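Here are some comments on the model you sent, set out as numbered points. They concern the contact between the chains, the nonpolar core and one pair of packed helices.

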Amino acid sequence: MTTLFYLAGAIAVISTFAVIVQTNIVHALLYLILSLLSVAVVFYVLGAPFAAVLEAIVYAGAIMVLFLFVIMMLNLGQHTREQERGWLAARVFVAPAIMAAILLGQLLNVIGQLSHDVEVTRVGVFEVSALLFGPYVLAVELASILLLAGLVAAYHLAKK
Amino acid sequence: MSLEVGSGLTIGLILLVVIVVAALLITVERRLLGFWQERLGPNRVGWFGSLQVVADMIKIFTKEDWVPPFADKVSFVVAPAIIMTVILLSFAVVPFAPNIGVVDSNIGVLFILAMASLGAYSVMLGGLSSDNKYALLGALRAAAQMVSYEVFMGISLLGVVALSGSFNLREIVAAQEEGMWFVIPQFIGFVIFLIAGVAESHRLPFDIPEAEQEICAGYHTEYSGMKFGMFFVGEYLGLVLVSSLITVLFFGGWLGPAFLPPIVWFALKSGVFIAFFILLRAAIPRPRYDQLMSYGWLFLLPLSLINLLVTGVIILL
């Protein structure tokens with residue numbers, strides 16, 4: 001399981017990096033899907049099968065499909081690749097790389113202080129549902145109101 | 001060597017049988033369509049056309065495997081592989097018999113929904129990477145259709161999940177052994193799942209993404225050889241998958257009187273649904289694209305939500 005965790009984690013990091021440097025937008029999207037799926041595997045290995053499968057259904061299966069749908073409608077040609085290439089000059093990476101390196105240093109520092117023998121507890125569907133409709137029911141209701149507002153707004157905009 | 005859940009022999013046999021059945025369906029479907037449309041169908045090769053599938057396979061393997069120079073090569077090659085992969089992965093959680101299956105998973109139903117939603121990429125990427133206007137139109141239709149019907153497919157299953165109290169397909173079958181088959185309390189859920197299943201595997205009458213009279217062949221216009229063959233066999237694999245899911249979720253899976261072994265009951269029930277899907281193809285004309293969409297969102301969605309609500313109320317009472 002530990003090997004699987006590191007493997008999925010490595011794929012997630014590499015494919016996310018590829019999303020940023022890829023100039024072909026469809027390929028970038030494919031890498032993003034790969035990244036989300038490997039995060040789902042990480043969730044599964046950490047003992048959260050429900051979160052893993054939701055990650056695959058909601059992010060990789062629904063939201064990314066809509067992204068791809070929009071890309072299909074936009075009719076992006078060769079010129080966007082050249083534009084992307086222009087934006088990806090080496091000097092653009094300097095400042096973000098420094099900041100990310102500082103963050104990584106802090107993260108490594110924190111991880112180094114943690115104990116390494118993590119005990120994996122499996123959190124099944126029942127436990128997640130009991131929490132969602134028990135202590136966190138208010139958050140669920142608020143989220144549903146937010147979604148309803150989005151739905152009404154989308155309906156209104158589409159009517160015009 | 002005995003068959004048990006998750007052993008290498010079982011997994012190999014399931015893969016082999018499922019793919020062979022899907023390939024055989026190409027011939028079976030053409031013969032049955034011929035029967036229902038009062039014509040002969042392919043009956044020249046072998047005994048009553050039984051070797052037609054071999055002839056088809058030889059033809060498809062020896063055709064030129066062509067990638068158009070204007071296509072996006074990577075996505076063009078990946079697209080047909082995606083549909084085969086996700087559907088074969090879905091078979092991993094299907095319980096064929098008490099001792100036959102790949103994995104006994106607590107998230108079986110959700111896993112199948114996840115794989116079904118990933119299957120949409122196959123047709124979308126196939127159409128988009130072809131760089132062909134008919135393929136793009138087909139891919140757009142496919143994307144909208146699959147994303148829409150996924151929603152009702154998921155909701156229609158929740159009644160069964162609520163009644164059995166589990167996402168595990170084996171426990172769903174076990175729950176039907178104690179009570180009745182879920183087709184009786186969940187008849188509306190069954191009908192919605194059946195319609196959504198046809199739409200998800202985009203077969204006639206819902207083959208709007210590839211409607212050959214309107215948009216050439218839709219998303220696989222530019223495909224030839226075995227890449228086209230993978231789309232083709234993928235469609236039949238989807239048909240087998242939907243039929244076996246209906247059997248498991250609504251018709252008691254492998255359950256049946258003891259004079260036949262469980263796997264035979266499973267195969268018989270699934271076979272009936274496969275034949276029913278072929279009959280649908282022979283009998284019903286294709287709806288218009290907007291009719292399909294409004295039928296889904298304005299009729300099936302409210303119906304599936306009401307079905308879930310009523311099921312919940314009855315369980316609580």
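1. A crossing of two helices is called left-handed if the near helix is turned anticlockwise from the far one by less than a right angle, and right-handed if it is turned clockwise. In this model, which is a predicted one, α5(B) and α10(B) cross in the left-handed sense.

2. The same two helices, α5(B) and α10(B), the latter spanning residues 289–316 of chain B, pack at an angle of about 15°, and their axes are 9 Å apart. Because angles under 35 degrees count as roughly parallel, α5(B) is described as roughly parallel to α10(B). The residues that make up this contact comprise 17 nonpolar, 9 polar and 1 charged.

3. Between the chains, 20 residues of chain B are in contact with 16 residues of chain A. On the chain B side, the elements that give two or more residues are α3 (73–90), α4 (108–130) and α5 (133–164), and α4(B) gives the most, with 9 residues. By class, that side of chain B has 16 nonpolar, 3 polar and 1 charged residues.

4. The largest nonpolar core holds 115 residues, and those that touch the most other members are V53(A), L110(B), A114(B), M124(B), A139(B) and L249(B). To this core α5(B) gives the most, with 16 residues.

5. A139(B) deserves a separate look. When its neighbours within four places in sequence are left aside, A139(B) is in contact with M72(A) in the other chain, and with V123(B), M124(B), G126(B), G127(B), L128(B) and Y219(B) in chain B.

How values were computed
Residues are numbered from 1 along each chain as its sequence is written. Chains are lettered from A and ligands numbered from 1 in the order in which they are written. This is a predicted model: local features need pLDDT of at least 70, side-chain atom pairs count only at pLDDT 80 or more; totals for chains, interfaces and linings use all residues. Two residues are in contact if their C-beta atoms, placed from the backbone, lie within 7 Å. Helices (H or I, at least four residues) and strands (E, at least two) are DSSP runs, numbered from the N terminus. Ala, Val, Leu, Ile, Met, Phe, Trp, Tyr, Cys and Pro count as nonpolar, Asp, Glu, Lys and Arg as charged, and the others, Gly among them, as polar. A nonpolar core is a set of buried Ala, Val, Leu, Ile, Met, Phe, Trp, Tyr and Cys residues joined through C-beta atoms within 7 Å. A residue is buried if 20 or more other C-beta atoms lie within 10 Å of its own, exposed if 12 or fewer, and partly exposed in between; C-beta atoms are placed from the backbone. Axes are lines fitted to C-alpha atoms, for helices over the stretch in contact, and angles run from 0 to 180 degrees between N-to-C directions. Angles under 35 degrees count as roughly parallel, over 145 as roughly antiparallel, 65 to 115 as roughly perpendicular and the rest as oblique.
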